[in-house]
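Please take me through this structure stop by stop, telling me what to select in the viewer and what I will find there.

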Amino acid sequence: MRATLRIVTFVVCFLLGALVVWVSAEIALWKSGATRSAMALDVMPGIRKWKREVRQDHGPLRIAFLGDSVLMGEPGWPSVPSATQRALRFQDGPVRGANVHDLAWPAWGPAGQYCLVDELIEAHPDVVVLEMNLRTLGPRPLGSLGYPEFSGFVRTRRLLEAALLPLSFAGITLNRMLFYRLLVANGAEGLWQALLDRQARLFNVRAVLEPYLDEKRKSRAYQERRAFILMDGIRKSYVNGKPRATLSAAKDVLGSALAGLDASYDRVRVFDAVLREFRRAGLPVLVWVAPVNVDHLRSIGISTERLKTTVATLRRVTERRGAEFVDFHAVFHDDVFRDGGDHLNFAEEPNGTVRLGERLAAAIAAMRPVQRRRWREADALQ
Amino acid sequence: MLFNSFQFALFFLLVFAVHGAVPRRLRPGALLFASLLFYGLWVPGYLVLLVGTLIGNHALLRGIARGRRPRLFLAASIVFTLGILGVFKYGAFAVSLSSPLVRALSFAEPRIPSFVLPLGISFYSFEIISLAVDVHHGHFECPSFARYVLFVTFFPHLIAGPILRGNELIPQFETGGQRSTARTRRGLWLFTVGLAKKTILSDFLLLPFVNEVFGSPGAANGPVHLVAAYSFAFQIYFDFSGYSDMARGLANLLGYELPRNFEEPYLSRNPSEFWRRWHMTLSRWLRDYLYVPLGGNRSGKARTLANLLVTMVLGGLWHGAGVNFLIWGAAHGLLLVIHRLVRGEEHRPKRSHGFKDACVTLLWFQIVCVAWVPFRAATPSDTLSFLRGFGNGGYLRGWPLVPLAIVLFAGALHVLERFLRERLPRVHARIAEAGWGAALEGGLLGAIVMAAILASGAGVEFIYFQF
């Protein structure tokens, strides 16, 4: 009896102690006004909206444009998908009235695509245009940029296969996948996101506290420190006077592709698994390799010869899965790139975004499924 | 899975319940299953590697125990184990070091292998070797295969130590674990305090500033670099000692004891004392299985000093495949050599800590903090930039107040740890007897656990996680 009373007292006080800390944290957040940056689960409403829009599109051709920050433009400026849409209007056939539905966020590569592929398929696009950014092939581990929370959206029937895929480079381990799956399957992703939101905002309370103390003490110590570090970051992002990747940064993100990959490489295997799912769903896919600033790489002493080996491997993997492949990795010169992440310019001439859009439009128009649609329409008209 | 994750909490609750429910003689089997499941829930493929390594090594261990050519079997076990460790951990490093030569000879860029480091490989490799040596020397009998696998894979210590000896853990399995109220309470406290050290002190309070300054070495002023060096010293300590406390706490909850791994190392007065207090199980492994076999202090002064240096350099390399870890190990090796030269034979100062000792302790702490710089910096050139950063501007202004306050707080806690370690068992016993004891413990533990949950941020891994 005494032991039971002690246990009950312990549990009740444990919960009370936890509650006191929770309330204190809420007060600290309210008083500090700390915010947070975007998180992976923030994009789920956007994905669901994207799915609805694709489904509700009754146009002649629904194109799902999937990729990373290369596709994302700046507000008020054309993006690669919008430039592609514009260029499609100059093509013949069903593509002229096609609608491009783009879905993109930073570093969204094969691992994240594999996790969300069921969501993408459920949108029922007519064609999938899938970006392959060689930078997502590493060797740098993606960690949190692999969006491990997305692994909760791997459907139960694919869990065994997913368990055997090498996804750990993206921070997706089996235990995380099962845990997130448990949350998503029980509709608890919202609760999880609420907890992550609190954790992220509490983490940022210090960023609010230091400038506040500086202001109180009439000091500039914090501002100076931030300024020095910001200037250092800017300095390191410039090579020969232009915003370009340094040698170590280039090797960090492109090293694997530069060394020449074969199909056994972990991220290529995951990429293959993505294509397999699209094929199972009967969705035609066009894979395009995003442009790489090969001029700049050569200028800093990096050989780009073996990129061709990597691209050839990706082509073989793509075509084995019945998808189509276009290679844009070396089509552009240095003047169309705007930064060290190989993002394209959009306001200067030559305009990299518009040029890539034109090439993509031509590639989409030349896709076999699109051509077959064109012939079917022509037959119907006769 | 990380100890500070919800999925581990679910896993452990299940294991704790099942372990307590099954008959005592079945507990080792239940633990073995749980440990293999724990490892497989990370990357299943590496479970195959681990089990394969253990099958091979157990066969060699039986060869050692049989007594026919035991040295050959011991050598084979060491080569086999270190070979696997070498490929996974040092393969890429070796290729990148040799790439200028390969490029010159063949005009081709060598392909640098890309492996995900199997979880805990550095730790379990050392345990496999230590058991093989102990069996060879007759200090321990060859255990059964099941006990052997459980010894290596026992999940509380599998991913980041403590590095155990066979005679420390295997005999405990025979009893099926001695669970008791006192041990359970101690385990709860150890785990919770370890969780707080890791998530609140290391990740929440210290890590952001460390990342900020080490991410741009040489950019900010001298005081910022100094405080960043102090911050990292405490960050790595709380991160690793926090993990070790969690491991010991989990073992206690299951009825087992694991040895301490830290004894307030920053209160040391010299390098020799530091290495008796920092990562104690690694230090003793290096002493008993590397330094002593190299000759220890039995082969003359020059050889002794060389053995010290080699041991520490290899110890540095164990921590990571990179030039920076070599530099860190060599720095500590040199410090030990200098200390041995100055002090003569290994000097163990007496216990008391007067004013002179406090000054010496502070001085040694500065040296340790500077020595940590190559361990944390990304590259040797970042190390140099950071060290140059100590000389940026004066030290009269520009101190980062909040990080400095956190460092002072961390230092005070470190001193408090020494005080509590000696007095806590009595305090704990008094609380257990008191009527309000359950309420106080429940309230405190609940507050700490919730604070740790809220401070968890992005679930930062232990620094030693993939060693």
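## The interface

Start with the two chains together: chain A and chain B bury about 4,300 Å² between them, and carbon and sulfur atoms give 64% of that area. The model is a predicted one. Colour the contact residues next; chain A puts in 45 residues and chain B 56 residues.

Now look for charged pairs across the interface of chain A and chain B, where three salt bridges are found. Select B:Glu212 and A:Arg225, whose side chains form a salt bridge with N and O 2.9 Å apart. This pair crosses between chains: B:Glu212 belongs to helix 9 (residues 181-215) of chain B, and A:Arg225 to helix 9 (residues 221-236) of chain A. Are these two residues buried or exposed? B:Glu212 counts as buried because its relative accessibility is 16%, under the 20% limit. A:Arg225, at 4%, is buried as well. Keep B:Glu212 selected and add A:Arg226, which also forms a salt bridge with B:Glu212, the closest N and O atoms being 3.1 Å apart.

## A cavity with residues from both chains

Stay with both chains and select A:Glu210, A:Leu213, A:Asp214, A:Arg217, A:Ala221, A:Tyr222, B:Trp399, B:Pro400, B:Leu401 and B:Val402, which line the second largest cavity. The space inside is about 70 Å³. Which elements each supply at least two residues of this lining? They are helix 8 (205-217) and helix 9 of chain A, together with helix 17 (401-433) of chain B. Helix 8 of chain A has the largest share, four residues. By class, the lining of the second largest cavity has seven nonpolar, no polar and three charged residues.

## The largest cavity

The structure holds eight cavities of 30 Å³ or more. For the largest, with about 90 Å³ of space, select A:Ala163, A:Leu165, A:Leu167, A:Ile172 and B:Trp42; of the 13 lining residues, these are the closest to the centre. Helix 5 (159-164) and helix 6 (174-185) of chain A are the elements that give two or more residues to this lining. How does the lining of the largest cavity divide by class? Eleven residues are nonpolar, two are polar and none is charged.

## Salt bridges within a chain

Over all chains, the whole structure has 53 salt bridges. Side chains of opposite charge can pair when their charged atoms come close.

In chain A, select A:Lys242 and A:Asp334, which form a salt bridge at 2.4 Å, N to O. The pair links distant parts of the chain, 92 residues apart: A:Lys242 is in strand 5 (residues 242-243) of chain A, and A:Asp334 is in the loop between strand 7 (324-327) and helix 14 (352-365) of chain A. A:Lys242 is partly exposed, at 38% relative accessibility, whereas A:Asp334 is buried, at 13%.

Move to chain B and select B:Arg147 and B:Glu174, joined by a salt bridge at 2.9 Å, N to O. B:Arg147 lies in helix 6 (residues 145-153) of chain B and B:Glu174 in helix 8 (residues 166-174) of chain B, so the pair ties together parts that are 27 residues apart in sequence. B:Glu174 counts as exposed, at 52% relative accessibility.

Then return to chain A and show A:Asp118, A:Arg157, A:Arg158, A:Glu161, A:Arg276, A:Glu277 and A:Arg280 as sticks; salt bridges that share partners join these residues into one network.

## A buried leucine

Select A:Leu120, in helix 4 (residues 110-122) of chain A. A:Leu120 is buried, with a relative accessible area of 3%. Leaving out residues up to four places away in sequence, A:Leu120 touches A:Trp50, A:Leu66, A:Leu103, A:Trp108, A:Gln113, A:Pro125 and A:Phe278. Of these contacts, take A:Trp50: A:Leu120 and A:Trp50 are 70 residues apart in sequence, with C-alpha atoms 9.2 Å apart in space.

## A pocket in chain B

Finish at the second largest pocket, with about 1,200 Å³ of space. Select B:Trp189, B:Leu190, B:Val193, B:Leu420 and B:Leu424, the closest to its centre of the 39 lining residues. Helix 9, helix 10 (222-253), helix 17 and helix 18 (437-454) of chain B each supply at least two residues to this lining. Helix 17 of chain B gives the most, 13 residues. The lining of this pocket divides into 24 nonpolar, five polar and ten charged residues.

Note on methods
Residues are numbered from 1 along each chain as its sequence is written. Chains are lettered from A and ligands numbered from 1 in the order in which they are written. This is a predicted model: local features need pLDDT of at least 70, side-chain atom pairs count only at pLDDT 80 or more; totals for chains, interfaces and linings use all residues. Side-chain values use heavy atoms; hydrogens and water are left out. A salt bridge is a side-chain nitrogen of Lys or Arg within 4 Å of a carboxyl oxygen of Asp or Glu. Buried means under 20% relative accessible area, exposed over 50%, partly exposed in between (1.4 Å probe, protein chains only). On a 1 Å grid over the protein atoms alone, a cavity is a set of points where a 1.4 Å probe fits but cannot get out, and a pocket is an open set with protein on both sides within 12 Å along at least five of seven lines; lining residues have an atom within 4 Å of a point. Grid points are joined across faces, edges and corners, and a volume is the space filled by probe spheres set on the points. Ala, Val, Leu, Ile, Met, Phe, Trp, Tyr, Cys and Pro count as nonpolar, Asp, Glu, Lys and Arg as charged, and the others, Gly among them, as polar. Contact means heavy atoms within 4.5 Å. Buried area is the accessible area (1.4 Å probe) that two parts lose on being put together, summed over both.
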